[in-house]
Amino acid sequence: MKHFKLLLALICASLFTVNVNAQLQLYSYTNQVDGYAHYVNPNMVADKLRRVKGAKGAGGGVVCPIGFTSKAFSIVDDYASDLPSVVGKITPNPGVSIQLTKISTEMRISSTGPIYVRLAYSVDLGVTWIDAGVDYAPVIADCGDASTYGEWNITGFPLTSGIVYIRVYAFNAINEFGRFTITNLNADGNLNMVDADGDGYGEYVDCDETNPDIHPGATEYCNDIDEDCNGIADEVFVAITPTGDIYLCNNEETVTLYGTEGYDSYVWYKNGNPIPVYTSSITVSNPGYYQVEATQGLCSALSAVQAVAVTESPFANIYSPDGLALCVTGSLKLKASFDELYNWQWFRDGSPIAGETDYKILVTIPGTYYCEVSTVFGCARNTAEVVVTPCRDGDNLNLSNMTAYPNPATNTVSFNINTGNSSSNMGQFFIFNMNGQQVVSLPANIANGVFNSEINISELPNGIYNALLINGGVQFTSRFTVSK
């Protein structure tokens with residue numbers, strides 16, 4: 001009788017062996033900067049991505065917020081199995097065999113390459129490497145959002161119970177500083193294993209092959225049964241969403257963290273210490289390591305840590321080395337704060353200027369200018385506004401159409417101009433420094449077409465200044481120097 005029962009059990013087990021033709025996702029890496037996988041089939045384990053054969057971390061403080069970024073790739077034109085690369089390692093559990101059928105990834109590069117990317121795998125511990133024979137040329141986006149999708153269909157992959165290595169080779173770089181970023185690396189294939197209860201988990205990891213509701217990852221109930229096979233019965237499972245890398249902009253933003261809903265009570269923790277928040281969600285603006293504890297009856301659980309980081313917003317200063325009056329050449333240069341990870345968009349009179357996305361701009365049209373400076377993390381600030389003025393008397397451009405004396409000046413400077421008509425009215429008088437900052441603003445009394453005024457400049461530091469008189473729709477300018 002015992003022999004009959006054993007034979008029956010073996011027959012039932014064979015009926016639930018996963019078919020080798022069943023397509024499954026075996027491995028998925030999404031965007032973790034440290035290279036850890038987003039998903040690994042529970043019937044195997046996977047190491048985090050690592051760099052080999054000379055590939056290095058991005059270094060220099062440049063870490064893209066999304067993806068696994070590397071540099072120091074080869075400048076050679078052709079693929080070879082010993083070139084610098086990024087490697088992933090997959091190991092089937094005992095009693096499980098795998099067969100890869102497709103590998104895909106999204107990727108991007110910096111402007112200095114590497115230009116080509118190829119995939120290869122090894123099933124003999126790296127002694128030999130089988131490459132897919134297809135190269136992709138990623139889009140140039142560096143730390144941006146754009147990416148190129150590459151897909152390698154694998155034929156002839158042996159059904160193996162041993163370690164599988166997957167390498168992504170990047171080559172033909174312009175120089176060693178060229179960066180290569182991988183996102184969304186996925187491996188699909190077949191599984192062959194004993195799965196007596198048909199729940200998708202092999203006998204090595206399934207603690208009860210007679211019940212399809214008991215397996216790793218199953219919902220745990222407070223019933224003295226270990227449903228998720230982790231050795232602990234009657235546990236509550238609570239997780240925080242969103243997950244992954246969360247960056248806030250220098251306390252200018254907030255994020256709401258959500259704990260798994262449906263439990264009786266909650267307590268939130270920051271940096272290991274309880275905080276007085278007892279709901280299933282919390283809105284935070286400060287950096288820290290957050291957790292939530294959920295309780296259901298006599299059962300409770302603490303979530304994994306979710307880190308919230310705060311990244312600096314960009315500097316957003318504006319400089320006008322040529323002043324702010326279009327006088328001598330009819331053009332002047334404006335500059336915004338610079339960093340290699342900044343992006344820029346210039347505005348004139350409140351509207352974006354098409355194509356002006358560099359940190360500097362050559363201005364030929366009067367108007368109110370500012371620049372929006374942003375980082376690769378999405379943090380943005382606007383510079384102060386500066387007013388670029390025409391330099392004209394009527395329709396004639398003239399740097400000195402308003403007299404300033406003495407020039408250079410020490411404590412006071414007088415301005416004189418005949419506006420060309422005999423009207424009397426009130427205008428507006430300004431003085432700007434060479435950074436475009438307004439330092440003097442006064443009403444201007446124009447009597448019988450003449451403006452004549454002495455201005456106290458004793459508080460102004462040494463330097464070159466632009467004076468501007470606005471009379472109706474006409475502007476008059478003068479440049480003078482303060483020297484003490």
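**Exercise 1. Find the enclosed space and say what lines it.**

Solution. A search of the whole structure finds one cavity of 30 Å³ or more. On a 1 Å grid over the protein atoms alone, a cavity is a set of points where a 1.4 Å probe fits but cannot get out, and lining residues have an atom within 4 Å of a point. This is a predicted model, where local features need pLDDT of at least 70 and side-chain atom pairs count only at pLDDT 80 or more, while totals for chains, interfaces and linings use all residues. Residues are numbered from 1 along each chain as its sequence is written, and side-chain values use heavy atoms, leaving out hydrogens and water.

- Step 1: take the volume, about 40 Å³ for the largest cavity. A volume here is the space filled by probe spheres set on the points, with grid points joined across faces, edges and corners.
- Step 2: list the lining, which is Leu324, Ala325, Thr389, Phe432, Asn466, Ala467, Leu468 and Thr477.
- Step 3: sort these residues into five nonpolar, three polar and no charged. Ala, Val, Leu, Ile, Met, Phe, Trp, Tyr, Cys and Pro count as nonpolar, Asp, Glu, Lys and Arg as charged, and the others, Gly among them, as polar.
- Step 4: look for the main contributor; strand β40 (residues 463-471) gives the most, with three residues. Strands are DSSP runs (E, at least two residues), numbered from the N terminus.

**Exercise 2. Describe the largest pocket.**

Solution. A pocket is an open set with protein on both sides within 12 Å along at least five of seven lines.

- Step 1: the largest pocket has a volume of about 370 Å³.
- Step 2: 17 residues line this pocket, and Gln32, Thr243, Gly244, Val305 and Gln306 are the closest to its centre.
- Step 3: by class, the lining has eight nonpolar, eight polar and one charged residues.

**Exercise 3. Classify the ring pair of Tyr116 and Phe171.**

Solution. Rings of Phe, Tyr and Trp (its six-membered ring) pair if their centres lie within 6.5 Å; planes under 30 degrees apart are stacked, over 60 edge-to-face and the rest tilted.

- Step 1: the structure holds 18 aromatic pairs.
- Step 2: the centres of Tyr116 and Phe171 are 6.0 Å apart and the planes meet at 45 degrees, so this pair is tilted.
- Step 3: Tyr116 lies in strand β9 (residues 116-122) and Phe171 in strand β13 (residues 164-171), 55 residues apart.
- Step 4: Tyr116 is partly exposed at 33% relative accessible area, whereas Phe171 is buried at 1%. Buried means under 20%, exposed over 50%, and partly exposed in between (1.4 Å probe, protein chains only).

Methods:
Helices (H or I, at least four residues) and strands (E, at least two) are DSSP runs, numbered from the N terminus.
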